[in-house]
Amino acid sequence: IRRESIPLVNIVAGVNAGSKDETDETSGLVHLLEHYVLFRGTDLRSGSEIARDLRRHGAVFNAHTGQDLALFEVSLPSEHFAFGLDVQKEILFRLKIGEAELAAEKEVILEEIRQIEDDAFRLGQSLVYRNLLAGHPYGRPIHGDPEKIRQMAAADVERFYRRLFVPNNTVLAVVGNLPLQEMESQIRKAFSDIPRGEDPPPPPERPK
C-alpha cells in the first residue's frame with residue numbers, strides 16, 4: 001500500500017506460526033523463537049551488529065507472538081527500504097541458533113513469565129484462555145511453560161524453525177511512501193533467492 005503523507009515505510013513479515021502449532025512439550029517455542037529472531041544473530045553477523053545497523057538507518061524494530069502468527073516489524077525512512085527488506089530477509093531466514101545464545105534468551109523469557117505472573121491483569125487474561133479453551137491449542141499460554149522452555153535444546157528449536165520459518169509459510173505487508181511498482185520490484189529482488197522450503201505441516205490435531 002502506498003501512503004504519501006509520511007516519508008516512512010513499514011515492513012511487516014507474518015510467519016504462520018503461533019501457539020496453535022505447539023504441543024504440550026513445545027509450549028512457548030514460537031515465543032522463544034520470536035525473541036531469538038529479534039535479539040540474536042544470524043550466520044552473517046551478531047545480534048548487536050544488526051541492532052547497530054538498524055539504528056544507523058533510523059529504523060525501529062519489534063516483534064510479537066500470538067496464537068496464530070509471529071509478526072516481525074521494521075519501520076524506517078523510505079529511502080532505506082531496500083535495507084529494511086534485507087534485514088527482514090536475514091533475520092527470518094538465516095538465523096543461527098546456538099546453545100549459549102539460546103540459554104541467554106531463555107532467561108529473558110523466564111523473567112518475562114515471572115513478570116506476567118506478578119501482573120494481575122495479564123495473568124487473568126492468560127487464565128481465561130487456559131480455562132475456557134482447555135484441551136485446545138489456543139488454551140496454551142503464548143509465553144510458554146517455564147519447565148518446557150528450560151528443557152528445549154538448540155537442535156529442537158532449530159528443527160522447529162527450519163520447518164515453519166520458510167517463505168511459503170510467510171507473508172509480507174508493506175505500507176509506505178513509495179510507488180507500488182518500485183515496492184514490488186525491490187521485494188522480488190530481495191527475496192527471490194530464498195528457497196521455497198517444504199510445505200509446512202498442518203498444526204496439531206484438535207481434540208474432538
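Let me begin with Pro137, which is buried, its relative accessible area being 2%. This is a predicted model, and in it Pro137 sits in the loop that joins helix H5, residues 120-132, to helix H6, residues 146-151. Its C-alpha atom is separated by 7.2 Å from that of Glu22, although the two residues are 115 apart along the chain.

Glu22 also leads us to Ser27, since Glu22 is among the residues that Ser27 contacts once neighbours within four places in sequence are left aside, the others being Pro141, Gly144, Asp145, Lys148, Ile149 and Met152. Ser27 belongs to the loop between strand S1, residues 8-15, and helix H1, residues 29-39, and at 3% relative accessibility Ser27 counts as buried, because the cut-off for that word is under 20%. A polar atom of the Ser27 side chain lies 3.2 Å from the backbone nitrogen of Asp145.

From that loop we move on to helix H1 itself, where 10 of the 11 residues are buried, so the helix is largely enclosed by the rest of the structure. The buried residues are Leu29, Val30, His31, Leu32, Leu33, Glu34, His35, Tyr36, Val37 and Leu38, and what covers them includes strand S2 (60-65), strand S3 (70-77), H3, helix H4 (99-117) and helix H7 (154-164).

Which residues have the most contacts inside the largest nonpolar core? They are Leu33, Phe72, Phe81, Leu92, Ile97, Val157 and Phe165, in a core of 48 residues. As a general remark, nonpolar side chains in soluble globular proteins tend to be buried together.

Two of those names, Leu33 and Ile97, come up again at Tyr161, which touches Leu33, Leu92, Phe93, Arg94, Leu95 and Ile97 when residues up to four places away in sequence are not counted. Tyr161 is placed in helix H7 and is buried, with a relative accessible area of 1%. The C-alpha atoms of Tyr161 and Ile97 are separated by 9.4 Å, with their positions 64 residues apart along the chain.

Phe81, another of the core residues just listed, is in contact with Val9, Ile11, Val174, Leu178, Met183, Gln186 and Ile187, again leaving aside neighbours within four places in sequence. Phe81 also takes part in the packing of helix H3 on helix H8, where Phe81, Ala82, Leu85, Asp86, Gln88, Lys89 and Phe93 in H3 meet Met183, Gln186, Ile187, Ala190 and Phe191 in H8. By class, this contact has eight nonpolar, two polar and two charged residues. Helix H3, residues 81-93, and helix H8, residues 180-191, pack at an angle of about 35 degrees with their axes 10 Å apart, and their crossing is right-handed.

One of the H3 residues in that contact is Lys89, and we may ask whether Lys89 is buried or exposed. Lys89 is buried, with a relative accessible area of 16%, which falls on that side because buried means under 20%. Beyond its neighbours within four places in sequence, Lys89 is in contact with Arg94, Ala190, Phe191, Asp193 and Ile194, and its side chain makes a polar contact of 2.8 Å with the side chain of Asp193.

I will finish in the segment after H8, where Pro202 lies. Pro202 is exposed, with a relative accessible area of 68%, whereas Pro137, where I began, is buried at 2%. Pro202 and Asp21 are 181 residues apart in sequence and 8.0 Å apart in space, C-alpha to C-alpha.

Terms used:
Residues are numbered from 1 along each chain as its sequence is written. This is a predicted model: local features need pLDDT of at least 70, side-chain atom pairs count only at pLDDT 80 or more; totals for chains, interfaces and linings use all residues. Side-chain values use heavy atoms; hydrogens and water are left out. Helices (H or I, at least four residues) and strands (E, at least two) are DSSP runs, numbered from the N terminus. Buried means under 20% relative accessible area, exposed over 50%, partly exposed in between (1.4 Å probe, protein chains only). A polar contact is a pair of N or O atoms within 3.5 Å; within protein, one must be able to donate a hydrogen and the other to accept it, and residues adjacent in sequence count only if both atoms are side-chain atoms. Contact means heavy atoms within 4.5 Å. A nonpolar core is a set of buried Ala, Val, Leu, Ile, Met, Phe, Trp, Tyr and Cys residues joined through side-chain atoms within 4.5 Å. Axes are lines fitted to C-alpha atoms, for helices over the stretch in contact, and angles run from 0 to 180 degrees between N-to-C directions. A crossing is left-handed if the near helix is turned anticlockwise from the far one by less than a right angle, and right-handed if clockwise. Ala, Val, Leu, Ile, Met, Phe, Trp, Tyr, Cys and Pro count as nonpolar, Asp, Glu, Lys and Arg as charged, and the others, Gly among them, as polar.
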